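Student: Hey, I've just opened this one and I'm new to it. Can you walk me through the structure?

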Amino acid sequence: GISAVAYPSKTIAYLCAGCPVLGLVDPNSTIEVDIRQCGHGVIPSSPQAADIARAVRQFRRRTADERVEIKARASALFGKQVALKRWQEIFRESFTN
């Protein structure tokens, strides 16, 4: 379904502001993979209350340095210049085919 590839715009805005994400998301979805691989936040190991509580405790230990890193990585993936380039490519492909 759509949840496998959905990426809420608020999530992108939070990440670009340097805010880590506590992701209660579908396993193996695009956003879950990105959060884990890029270190953009914390994902509970299961939807069980104890695992969510453990993830919240881990989430709260994020440092200011980690937030700076999250902001830089997110800006490289989703920043204005990246988005503009993607839109230009979409329009170019749409009007040349």
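Tutor: Sure, and keep in mind that this is a predicted model. Let's start with one side chain: Phe95 has a relative accessibility of 69%, over the 50% cut-off, so Phe95 counts as exposed.

Student: Which helix are Phe91 and Phe95 in?

Tutor: Both Phe91 and Phe95 sit in helix α5, four residues apart, which is about one turn of the helix.

Student: And is Phe91 buried, exposed or partly exposed?

Tutor: Phe91 counts as partly exposed, because its relative accessibility is 46%.

Student: How many aromatic pairs are there in the whole structure?

Tutor: A search of the whole structure turns up two aromatic pairs. In the pair of Phe91 and Phe95, the ring centres are 6.2 Å apart and the planes are at 15°, so this pair is stacked. Ring pairs also join Trp87, Phe91 and Phe95 into a cluster.

Student: Let's zoom out. How many helices and strands does the protein have?

Tutor: The protein has five helices and two strands. Going from the N terminus, the order is α-β-α-β-α-α-α.

Student: What does the C-alpha trace span along its principal axes?

Tutor: The C-alpha trace spans about 55 × 35 × 20 Å.

Student: What share of the residues count as buried?

Tutor: Of the protein's 97 residues, 25% count as buried.

Student: And what about contacts between residues far along the chain?

Tutor: Take the contacts between residues at least 6 apart in sequence: 48% of those join residues at least 24 apart.

Student: Back to helices. At what angle do α1 and α4 pack?

Tutor: Helix α1 covers residues 9-16 and helix α4 covers residues 64-78; they pack at an angle of about 130°, with their axes 7 Å apart. That angle makes α1 oblique to α4.

Student: Which residues meet there?

Tutor: From α1 you have Ile12, Leu15 and Cys16, and they meet Ile70, Lys71, Ala74, Ser75 and Phe78 of α4. The residues in this contact of α1 with α4 divide into six nonpolar, one polar and one charged.

Student: How do the axes of α4 and α5 cross?

Tutor: The axes of α4 and α5 (residues 80-96) come within 5 Å and cross at roughly 15°. That makes α4 roughly parallel to α5. The crossing of α4 and α5 is left-handed.

Student: Who makes that contact?

Tutor: On the α4 side, Ser75, Ala76, Leu77 and Phe78 take part, and on the α5 side, Lys80, Val82 and Arg86. The contact of α4 with α5 divides into four nonpolar, one polar and two charged residues.

Student: New topic: loops. Where does Leu24 lie?

Tutor: Leu24 lies in the loop between β1 (21-22) and α2 (30-38). Leu24 is exposed, because its relative accessible area is 58%.

Student: Which residues does Leu24 touch, skipping those up to four places away in sequence?

Tutor: Leu24 touches Pro44 and Ile52. As for Ser45, that residue is 21 residues from Leu24 along the chain, and their C-alpha atoms are separated by 9.7 Å.

Student: Anything odd in that loop?

Tutor: Have a look at Asn28, which is found in the loop between β1 and α2. Asn28 has a positive phi of about 65° although it is not a glycine. Most residues other than glycine have a negative phi. Asn28 is also exposed, with a relative accessible area of 67%.

Student: What about Glu32, buried or exposed?

Tutor: Glu32 counts as buried, because its relative accessibility is 8%. The place of Glu32 is in helix α2.

Student: Which residues is Glu32 in contact with, leaving aside neighbours within four places in sequence?

Tutor: Glu32 is in contact with Val25, Asp26, Pro27 and Ile43.

Student: Last one: where's Ala50?

Tutor: Ala50 is in helix α3, residues 49-60. Ala50 counts as partly exposed, at 47% relative accessibility. Ala50 and Ser9 are 41 residues apart along the chain, and their C-alpha atoms are separated by 29 Å.

Notes
Residues are numbered from 1 along each chain as its sequence is written. This is a predicted model: local features need pLDDT of at least 70, side-chain atom pairs count only at pLDDT 80 or more; totals for chains, interfaces and linings use all residues. Side-chain values use heavy atoms; hydrogens and water are left out. Axes are lines fitted to C-alpha atoms, for helices over the stretch in contact, and angles run from 0 to 180 degrees between N-to-C directions. Angles under 35 degrees count as roughly parallel, over 145 as roughly antiparallel, 65 to 115 as roughly perpendicular and the rest as oblique. Contact means heavy atoms within 4.5 Å. Ala, Val, Leu, Ile, Met, Phe, Trp, Tyr, Cys and Pro count as nonpolar, Asp, Glu, Lys and Arg as charged, and the others, Gly among them, as polar. A crossing is left-handed if the near helix is turned anticlockwise from the far one by less than a right angle, and right-handed if clockwise. Buried means under 20% relative accessible area, exposed over 50%, partly exposed in between (1.4 Å probe, protein chains only). Rings of Phe, Tyr and Trp (its six-membered ring) pair if their centres lie within 6.5 Å; planes under 30 degrees apart count as stacked, over 60 as edge-to-face and the rest as tilted.
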